[in-house]
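Subject: Structure handover

Hello,

Here is the structure I promised to pass on. Please open it first, then read my notes below.

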Amino acid sequence: FYCSIFRNKQNNEAHQNRISSRFSTKIRPLPRLLETHLIRQAFKLQIYRHGMRWSDKDLRHHMHSEYSWTCFVTTPANNFVHQLQGFLLLRVIEDEAEILSLGVKTTVRRNGIGKYLSERAKFFSAVHQIKSILLEVAETNRNAVGFYKKQGFIKIGIRKNYYIFSSENKKNALIMHLPIKTG
């Protein structure tokens, strides 16, 4: 498991050290070369948003934003290559986080990777005194909606015709919310 470093300007070194020590020993900061490799794999894996995939350039931009945190779940293919199994991209604004993208490789779904990523997002949010996590999901994506409900998210709204795949193919987005218990 690899995670990017949350670089919010409000964080000080002591706070960063406290957070680093609380993460599982299996989670490691992401080396640059591996980051490039995983971003390319995430680009291929990600779910279509607004009728198109984010580019790898967009993913890298979000990852390097001072308000973003990313977690990758990988398996080693050999001593030098890691295969992406799932990833989560979280954006933080003030005391609220938003899941921008969460994807799990089709062949390993229902093996706990999505739940692990969700738990990491909850833990990260609690440690950083974030009060809630929001996300948007296509209303027609029943598997994802069911998954998020199992993780404790509740529906708080709907965005009509939010996902536009063509002039005739538009999908509503559910807005889901998860309150975070801090302290």
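A question to start with: does Lys44 count as buried or exposed, and why? Find the residue in helix H2, which covers residues 32-45. Lys44 counts as exposed because its relative accessibility is 65%, and the cut-off for exposed is over 50%. Ser55 makes a useful landmark here. Lys44 and Ser55 are 11 residues apart along the chain, and 9.4 Å separates their C-alpha atoms.

One caution before the rest: this is a predicted model.

Now the overall layout. The chain contains five helices and eight strands. From start to end, their order is β-α-β-α-α-β-β-β-α-β-α-β-β. There are 183 residues in the chain, and 45% of them count as buried. The exposed surface comes to about 10,600 Å². Carbon and sulfur atoms supply 52% of that area. Take the contacts in the chain with a separation of 6 or more: 62% of them are between residues 24 or more positions apart.

Next, the interior. In soluble globular proteins, nonpolar side chains tend to be buried together. The largest nonpolar core here has 27 residues. Leu90 and Ile133 have the most contacts inside this core. Seven elements each supply at least two of its residues: strands E3 (68-76), E4 (82-93), E5, E6 and E8 (170-179), plus helices H4 and H5. Another core, of 11 residues, lies apart from the largest one. Its members include Leu38, Ile39, Leu89 and Leu100.

Leu90 is worth a closer look. Leave aside its neighbours within four places in sequence. Leu90 then touches Tyr67, Ser68 and Trp69, as well as Ala97, Glu98 and Ile99, among its contacts. Others on the list are Ala121, Phe124, Ser125 and Ile133.

Last, the pockets. What is the volume of the largest pocket? It is about 890 Å³. The lining of this pocket has 31 residues. Leu102, Arg109, Asn143, Ala144 and Phe147 are the lining residues nearest its centre. By class, the lining has 16 nonpolar, nine polar and six charged residues. Strand E5 (96-104), helix H4 (113-127), strand E6 (132-138) and helix H5 (142-150) each give at least two residues to this lining. E5, H4, E6 and H5 each supply at least two residues of the largest nonpolar core as well.

Over to you.

Best wishes

Methods. Residues are numbered from 1 along each chain as its sequence is written. This is a predicted model: local features need pLDDT of at least 70, side-chain atom pairs count only at pLDDT 80 or more; totals for chains, interfaces and linings use all residues. Side-chain values use heavy atoms; hydrogens and water are left out. On a 1 Å grid over the protein atoms alone, a cavity is a set of points where a 1.4 Å probe fits but cannot get out, and a pocket is an open set with protein on both sides within 12 Å along at least five of seven lines; lining residues have an atom within 4 Å of a point. Grid points are joined across faces, edges and corners, and a volume is the space filled by probe spheres set on the points. Helices (H or I, at least four residues) and strands (E, at least two) are DSSP runs, numbered from the N terminus. Ala, Val, Leu, Ile, Met, Phe, Trp, Tyr, Cys and Pro count as nonpolar, Asp, Glu, Lys and Arg as charged, and the others, Gly among them, as polar. Buried means under 20% relative accessible area, exposed over 50%, partly exposed in between (1.4 Å probe, protein chains only). Contact means heavy atoms within 4.5 Å. Accessible areas come from the Shrake-Rupley method with a 1.4 Å probe; for residues, only the protein chains shown count as cover. A nonpolar core is a set of buried Ala, Val, Leu, Ile, Met, Phe, Trp, Tyr and Cys residues joined through side-chain atoms within 4.5 Å.
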